[in-house]
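Please find below my remarks on the model, set out as numbered points. They begin with strand pairing and end with the ligand site.

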Amino acid sequence: MITFRKHERKDIPYRVQWFNNPEVNRYLRGTFEEKTSLSKEKEWFSKYEQTKNKKFFTICQNEIPIGIIGISHINKTRKSADIFIAIGENNSRGKGIGKTAMLWIMNYGCKDLKLQKLTLSVMKDNIPAVRLYKSLGFQIKDEVKKKNKKNKDYSSLLFMLIKKEKFILDNNQNPKQDKFQPSLIPYQDMLHDQQY
Ligand SMILES: CC(C)(COP(=O)(O)OP(=O)(O)OC[C@H]1O[C@@H](n2cnc3c(N)ncnc32)[C@H](O)[C@@H]1OP(=O)(O)O)[C@@H](O)C(=O)NCCC(=O)NCCS
């Protein structure tokens, strides 16, 4: 069973493990090009606790933490925010958890935070992520070339966007998403265990 709980200080060691995992790290532009550490993540968490425009959650599979999902740059005036997701555990990827988690955070953003517009950035060669976002209705709004600090190569970064109407519409009408329709994972039930 997949549940979402408030991201907590006790998750710091998982953050270090997940963000140092090459399978995760290779697709996270900028931030994690260098290895992270317990002290860097403690510092991040202290800042996070002081920030009001970010909400992160720990994704759990049968109560075991497997990843992180969150919303940042929450702008109440523009009713917009950015989404971030990483399934940290290798054997939890490719099983539909990313999609379930994205639907959950998109519901949270649109319904609880009353956002109208959700954005994200993703490296073009991150095939699973790009496929996931497109299948949820995100559209590419921009593409920029970015120099990779490690190998000096250029990679493309895609900026993607979905508007609330499109998300709601897609999730009511897209038969491809039958497995993941919010109606099968009732929103209120999903929220039941969470104490954010
Ligand atoms: C991107 C990520 C969140 C996707 O989560 P996931 O649980 O592995 O993905 P799902 O099993 O829900 O599948 C989502 C879609 O990706 C596709 N997909 C999953 N793994 C894939 C793979 N290895 N190759 C190609 N497509 C893949 C699935 O077919 C599915 O598409 P569909 O809905 O059209 O069938 C996850 O792989 C991850 O955390 N990666 C590392 C960190 C990262 O890249 N984060 C995103 C930063 S922008």
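1. I59 of β2 has G67 of β3 standing opposite. The two strands run antiparallel and are joined by 7 bridges. As this is a predicted model, the pairing described here and all that follows should be read as properties of the prediction.

2. The β2–β3 hairpin has 2 residues between its strands, and N62 takes a positive phi near 50 degrees there. E63 also lies in the loop between β2 and β3. Its phi is positive as well, at about 70 degrees, although E63 is not a glycine. E63 is exposed, with 9 other C-beta atoms within 10 Å.

3. A further positive phi in a residue other than glycine occurs at K114, where the value is near 55 degrees. K114 is found in the loop between α4 and β5. Is K114 buried or exposed? With 10 C-beta neighbours inside 10 Å, K114 counts as exposed.

4. On its other pairing, β2 (residues 55–61) meets β1 in the antiparallel sense over 5 bridges. Within this pair, R5 stands opposite T58, and Q61 is the bridge partner of I2. Of the 7 residues of β2, 5 are buried, so the strand is largely enclosed by the rest of the structure.

5. How is the sheet as a whole ordered? Its 7 strands follow the order β1-β2-β3-β4-β5-β7-β6, forming an open sheet with mixed pairing. β1 (2–6) and β6 (139–147) are the edge strands, each of which pairs on one side only. From one strand to the next, the twist averages 25 degrees. Helix α5 packs on the sheet and touches β5 (117–123) and β7 (154–163); the direction of α5 makes about 160 degrees with that of β5.

6. I97 deserves separate mention. This residue is placed in helix α4 and, with 18 C-beta neighbours inside 10 Å, counts as partly exposed. I97 and I2 are 95 residues apart in sequence, yet their C-alpha atoms are 7.5 Å apart in space. Leaving aside residues up to four places away in sequence, I97 touches I2, I59, Q61, I87 and S92. Two of the names in that list, I2 and Q61, have already appeared as bridge partners.

7. Which residues of helix α1 (residues 12–19) are buried? They are R15, W18 and F19. Seen down the axis of α1, these buried residues fall within an arc of 85 degrees, so they line one face of the helix. The general geometry is relevant here: an α-helix has 3.6 residues a turn, so residues three or four places apart point the same way. The buried residues of α1 pack against α2 (22–25), α3 (38–50), β3 (64–75) and β4.

8. The ligand is surrounded by 20 residues, the closest being I87, R93, G98, K99 and P128. One of these, I87, is also among the residues that I97 touches. At least two residues of the shell come from each of β4 (80–87), α4 (97–112) and α5 (127–135). Which element gives the most to the shell? It is α5, with 6 residues. By class, the shell comprises 11 nonpolar, 5 polar and 4 charged residues. Thus α5 both packs on the sheet and contributes to the surroundings of the ligand.

Conventions. Residues numbered from 1 in each chain as written. Predicted model: local features only at pLDDT ≥ 70, side-chain atom pairs only at ≥ 80, totals over all residues. Near = placed C-beta within 6 Å. Helix = DSSP H or I, 4+ residues; strand = E, 2+ residues; numbered from the N terminus. Nonpolar A, V, L, I, M, F, W, Y, C, P; charged D, E, K, R; others polar. Buried ≥ 20, exposed ≤ 12 C-beta atoms within 10 Å, placed from the backbone. Arc of directions from axis to C-beta. Contact = placed C-beta atoms within 7 Å. Pairing = 2+ DSSP bridges. Axes fitted to C-alpha atoms, helices over the stretch in contact; angles between N-to-C directions.
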